[in-house]
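Open the model in your viewer and keep the sequence panel visible. The stops below say what to select and what to look for.

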Amino acid sequence: MKHEADVLVIGSGIAGLSFALKVAEWGTVNIVTKKEGWESSTNYAQGGIASVLSREDSFEQHLRDTIAGGDGLCHPEVVEQVVREAPERITELVNWGVEFDRDAEDRLALGREGGHSRNRIVHVKDLTGREVERVLLALVVAHPQIQLYTDHTAIDLITEHHLDLGTGTTHCYGAYILENSTGQVHRFRARLTMLATGGAGQVYLHTTNPEIATGDGVAMAYRAGATLGNLEFMQFHPTTLYHPMAASFLITEALRGEGAVLRNKEGAEFITHPQRSLAPRDIVARAIDGEMKRTGVAHLFLDATGISREKLEQRFPHVYQQCARFGIDISHDPIPVVPAAHYMCGGVITDLQGRTSLPGLYACGEVAHTGLHGANRLASNSLLEALVLAHNASLSAREDMVSLTVIDDGIPVWDDSGTCAGEEWILIQHNLHELQTVMWDYVGIVRSRLRLERAQRRINMLGMEIRDYYRKTKVSTQLLELRNLAAIAHLIIKAAMQRTESRGLHYRHDYPERNDRQWQHDTVLQRDSDSSQL
Ligand SMILES: Cc1cc2nc3c(=O)[nH]c(=O)nc-3n(C[C@H](O)[C@H](O)[C@H](O)COP(=O)(O)OP(=O)(O)OC[C@H]3O[C@@H](n4cnc5c(N)ncnc54)[C@H](O)[C@@H]3O)c2cc1C
C-alpha cells in the first residue's frame with residue numbers, strides 16, 4: 001500500500017488535529033499517532049485556554065502578562081499576534097462544538113491562573129483538554145480528506161540524506177513510520193510534513209505528561225538538520241498530587257486562582273512574592289523546592305479548604321474525585337503536593353507561519369519554539385499558541401504547496417538487515433529509569449555547572465549503550481522513545497550549560513543573576529559533529 005498525501009501530520013493533539021482540519025479544506029491529509037487518537041497532553045489539560053474576552057481585560061494587559069512571565073525572552077511580535085488572534089480561535093472552537101462553561105448571563109465563564117492579571121481562561125470545568133480533543137477528533141475521523149493512522153510511530157523524517165540526491169540542500173519528504181501492531185516500517189510520502197508531537201516531560205522522573213511525551217519530534221527534527229531553540233527552559237508545575245499511586249496527577253493552577261493556598265508542614269504560607277501562591281510558576285516551583293530542601297520534607301500542602309465544597313465539586317470535579325480516590329477530601333484536608341516536569345518552552349524553531357528551518361517541514365504546538373513563551377510560559381497560553389500557529393500554518397502551507405513536490409521514487413525501503421528482535425525489555429526499562437533519575441537529580445529545578453557536567457557524563461554513557469542496542473535491534477516504540485529521550489536529555493543539558501545565568505525557568509545557583517548584557521537572546525542548537533551520536 002502506498003502512503004501518500006499532500007500533507008503528513010505527526011501527532012493527534014490540539015496542534016495536529018486543528019491543523020489537519022484546516023488543511024483538509026484544500027488538500028489530502030495523513031495523520032499518524034503513536035497510540036489511540038485521543039492520547040496526548042491535550043487530553044489531560046485541565047485549566048483552559050487564555051483569551052481576552054471581557055471588558056475588564058485588554059490585549060495590552062494579556063501581552064504585558066505574557067512578556068513579564070517570559071523574563072526578557074518573549075518575541076513581542078509573536079505575543080502580539082497570538083494574543084490578538086485568541087478570541088477568533090476560541091469562537092472557532094465554539095463553532096466546532098466545544099462547550100465551554102458559561103456564567104449566569106450565558107457569557108463564557110472566565111477563570112484566573114498564575115501570572116494572569118485578569119480573569120481570561122475559558123474552560124470546561126477542569127477537563128478542558130478532554131472536551132477539545134473529543135470534538136476535534138470526531139471532526140477529523142468524519143472528514144473524507146483525512147486518514148488517521150493510530151498506533152503508528154514516526155521513526156525519522158525523510159530528507160536528502162536518505163535519497164542521496166546529491167543536491168546539497170536538505171528538504172523533508174515525509175517520514176518513516178512504524179506500524180506498531182505488525183512491526184512493519186512504511187514510507188509516508190508528503191509534500192509537506194507537520195510535526196505536532198507535543199512535549200518531552202518523560203525525560204524527567206516526575207512529570208505531569210502522559211507516556212507519549214518523549215520528545216520524538218524535537219529529536220527527529222534535530223537529526224534531520226532543523227534548528228532548535230531554548231531547550232533549557234523546562235517548566236515544572238508546582239502542584240502535582242503526592243501519593244504513591246497518583247503518577248504525578250496535576251492539581252490545576254485554577255484551584256489557586258479560586259483561592260487555594262500553598263502551606264508548609266507547619267501550616268504557614270511560605271511564598272514571599274507579592275502574588276504569593278499565584279506568583280508565576282517558576283517562582284512557586286522554586287519556592288516549593290527550596291522549602292522542601294530546607295525542611296527535608298517529601299512534599300508540601302495545597303490548602304483548598306477555604307473554598308466551599310459545593311464550588312469544589314462543581315468547578316473542579318476531576319481534581320475532587322481523583323483526590324477522593326486516594327482518601328483526600330479536598331474541602332476538608334490540605335492536599336499533599338510536589339512539583340513535576342510539565343511543559344517544554346523550547347523546541348523546533350519556527351516562524352509565525354509554523355515553518356521550520358528545513359523546507360517541507362512545519363512544526364506547531366509544544367514541539368515548536370515560536371518565541372511566545374520566552375523563558376517561562378504563562379498558564380493556558382500553550383493550547384492557545386497551538387491553535388493560532390496551526391491556523392497560520394494552514395494558510396502558509398497552502399501557499400508553499402505550489403513549490404513543494406512529493407518524491408515518488410528513490411526513497412529507500414527501511415533497512416533492518418542485521419538486526420534481531422529485541423528480547424531485552426529489562427535493558428530498556430532500566431536505561432529509561434536511570435536517564436529520568438539523572439535528569440531529575442541534576443538537571444531539574446535548580447542547576448549548576450557541577451551537576452550539569454555530572455549529568456552529561458552519565459547521559460553520554462547511556463546514549464552510547466542505547467545507540468548500540470538500537471543498531472542491533474528491530475525497532476519498537478519503546479526503543480524509539482528511549483533513543484529520543486537520550487537525545488533530548490543530551491540537548492537539554494547542552495543548552496543549560498550554555499546559559500550561564502538564571503532566567504525564567506532556568507535557575508543556576510552558580511550564576512544566580514540575570515545577565516542581560518550577555519544573554520538576552522535564545523539558545524540555538526544546530527546539528528553538529530556530535531549529532532551522529534543522537
Ligand atoms: C496534565 C496537563 C495539564 C495541562 N493543562 C493545560 C492547560 O490548562 N492549558 C494549556 O494551555 N496547556 C495545558 N497543558 C499543556 C498543553 O496541554 C500542551 O502543551 C498541549 O496540549 C500540547 O498540544 P500538542 O498538540 O502540541 O501535543 P499533544 O497534545 O501532546 O499531542 C502530541 C501527539 O503526538 C503524538 N506523537 C508523539 N510522538 C509521536 C511519534 N513519534 N509518532 C507518532 N505520533 C507521535 C502523540 O501520540 C500525540 O497524539 C497541560 C499539560 C498537561 C500534561
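This is a predicted model. Start at a single pair of residues: select G229 and G347, since the tour begins with a bridge. In β15, G347 is the bridge partner of G229.

**Stop 1: the mixed sheet**

Widen the selection to the two strands involved. Strand β10, residues 228–229, and strand β15, residues 347–349, run antiparallel and are joined by two bridges. Now add the rest of the sheet. It is an open sheet of four strands, in the order β17-β15-β10-β20, and its pairing is mixed. The edges are held by β17 (368–369) and β20 (524–525); each has a single partner strand, so one side of each has no neighbour in the sheet.

**Stop 2: the antiparallel sheet**

Select β11, β14, β13 and β12 next. These four strands form an open sheet in that order, with antiparallel pairing. Its edge strands are β11 (234–241) and β12 (261–263), each of which pairs on one side only. If you look along the stack of strands, neighbours are turned against each other by 45 degrees on average, direction ignored.

Keep β14 highlighted and go through its partners. On one side, six bridges pair β11 with β14 in the antiparallel sense. To find two of the positions, label Q235, whose bridge partner in β14 is Y343, and F236, whose bridge partner in β14 is A341. Strand β13, residues 300–303, also runs antiparallel to β14 and is joined to β14 by three bridges. Here the residue to label is L300, with V337 as its bridge partner in β14.

Is β14 enclosed or open to the outside? Ten of the ten residues of β14 are buried, so the strand is largely enclosed by the rest of the structure.

**Stop 3: past the end of β13**

Move on to A304, in the loop between β13 and α9 (309–315). With a relative accessibility of 0%, A304 counts as buried. Draw a C-alpha to C-alpha distance from A304 to I335: the two are 31 residues apart in sequence and 7.8 Å apart in space.

For another distance, select P317 in helix α10, residues 317–325. How far is P317 from M344? Their C-alpha atoms are separated by 27 Å, and the two residues are 27 residues apart along the chain. P317 has a relative accessible area of 14% and is buried; the cut-off for that class is under 20%.

**Stop 4: the ligand**

Select the ligand and show the residues around it. There are 38 of them, and those that come nearest are T42, G48, D216, E366 and S382. Colour this shell by class: twelve residues are nonpolar, 21 are polar and five are charged.

Which elements supply at least two residues of the shell each? They are α1 (14–23), β7 (152–157), β14 (335–344) and α11 (382–400). The largest share, three residues, comes from β7. β14, the enclosed strand of the second stop, is thus back in view here as one of the contributors to the shell.

Zoom in on the backbone around the ligand. A polar backbone atom of K34 is 3.2 Å from a ligand nitrogen atom. At Q46, a backbone N or O atom lies 3.4 Å from a nitrogen atom of the ligand. At G47, a backbone N or O atom lies 2.8 Å from a ligand oxygen atom. Turn on a surface to see the cover: taken alone the ligand exposes 1,000 Å², and the protein buries 98% of that.

**Stop 5: helix α6**

D216, one of the residues that come nearest to the ligand, is also among the buried residues of α6. Select the whole helix, residues 216–224; α6 is mostly covered, with nine of its nine residues buried. Besides D216, the buried residues include M220, Y222 and R223. Step on to G225, which follows α6 and has a positive phi, near 105 degrees.

**Stop 6: an exposed proline**

Finish at P144, in the loop between α4 (128–142) and β6 (146–149). Is P144 buried or exposed? Its relative accessible area is 79%, which makes P144 exposed. Select T28 as well: P144 and T28 are 116 residues apart in sequence, while their C-alpha atoms are 8.8 Å apart in space.

Methods:
Residues are numbered from 1 along each chain as its sequence is written. This is a predicted model: local features need pLDDT of at least 70, side-chain atom pairs count only at pLDDT 80 or more; totals for chains, interfaces and linings use all residues. Side-chain values use heavy atoms; hydrogens and water are left out. A residue is near a molecule or strand if one of its heavy atoms lies within 4 Å of it. A polar contact is a pair of N or O atoms within 3.5 Å; within protein, one must be able to donate a hydrogen and the other to accept it, and residues adjacent in sequence count only if both atoms are side-chain atoms. Accessible areas come from the Shrake-Rupley method with a 1.4 Å probe; for residues, only the protein chains shown count as cover. Ala, Val, Leu, Ile, Met, Phe, Trp, Tyr, Cys and Pro count as nonpolar, Asp, Glu, Lys and Arg as charged, and the others, Gly among them, as polar. Two strands pair if DSSP finds at least two bridges between them. Axes are lines fitted to C-alpha atoms, for helices over the stretch in contact, and angles run from 0 to 180 degrees between N-to-C directions. Buried means under 20% relative accessible area, exposed over 50%, partly exposed in between (1.4 Å probe, protein chains only).
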